[in-house]
Amino acid sequence: MQEDLQHLDATIKLFDPEYDLRTIRAKEMRQRNHYFDNGECHRLMLEALRELGGRANTAQIVQRVSERKGFEADAHHAVYRGLDGALRRAASTGLVVKNGRDESGNIWKLADLAQ
């Protein structure tokens, strides 16, 4: 592996001899949430938002998804973290919009994609 990295460094230097290789950061790996299959958290989050009228806070979405999946109360924190991350990623792509806060967390709204 070390030899492969040296070859990669040499290739970068071929294209830009002044490039500072120390500025290359390691890829951050997201820790997988084992309560959901790939893409399931995102899909369930969108379904829950639709069922809740297109606008809900994070706690309401967590409650709806937990009921659908049959999660016990001890899974609440992990489910909350997974859904909060999915909501933030959906907001970064424009699928949902953060619409304020209340005592239970952020309020999310489905984006109006018809524009």
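Asn106 sits in strand E3, which spans residues 105–110. The model is predicted. Asn106 has a relative accessibility of 5%, so this residue counts as buried. Two further sites are covered below: Ala86 in helix H4 and Leu5 in helix H1.

**Asn106 in strand E3**
- The side chain of Asn106 makes a polar contact with the side chain of Arg101, at 2.9 Å.
- Beyond four places in sequence, Asn106 is in contact with Ala56, Asn57 and Thr58, among others.
- The same list of Asn106 contacts includes Asp84, Arg88, Lys98, Gly100 and Arg101.
- Arg101 thus appears both as a contact of Asn106 and as its polar partner.

**Ala86 in helix H4**
- Helix H4 covers residues 76–92 and holds Ala86.
- Ala86 is buried because its relative accessibility is 3%, under the 20% cut-off.
- Setting aside residues up to four places away in sequence, Ala86 touches Cys41 and Met45.
- Cys41 lies 45 residues from Ala86 in sequence, yet their C-alpha atoms are 6.9 Å apart in space.

**Leu5 and the surface patch**
- Leu5 belongs to helix H1, residues 2–15.
- With a relative accessible area of 40%, Leu5 is partly exposed, because that value falls between the 20% and 50% limits.
- Leu5 joins Met1 and Leu8 in a nonpolar patch on the surface.
- Together, Met1, Leu5 and Leu8 have about 350 Å² of accessible area.

Key
Residues numbered from 1 in each chain as written. Predicted model: local features only at pLDDT ≥ 70, side-chain atom pairs only at ≥ 80, totals over all residues. Heavy atoms only, no water. Helix = DSSP H or I, 4+ residues; strand = E, 2+ residues; numbered from the N terminus. Buried < 20%, exposed > 50% of the residue type's maximum accessible area, 1.4 Å probe, protein only. Polar contact = N/O pair within 3.5 Å; in protein donor to acceptor, adjacent residues only side chain to side chain. Contact = heavy atoms within 4.5 Å. Patch = residues over 30% accessible without salt bridge, like charges linked within 9 Å, V, L, I, M, F, W, Y side chains within 5 Å. Areas by Shrake-Rupley, 256 points an atom, 1.4 Å probe, with all protein chains shown as cover. Salt bridge = Lys/Arg side-chain N within 4 Å of Asp/Glu carboxyl O.
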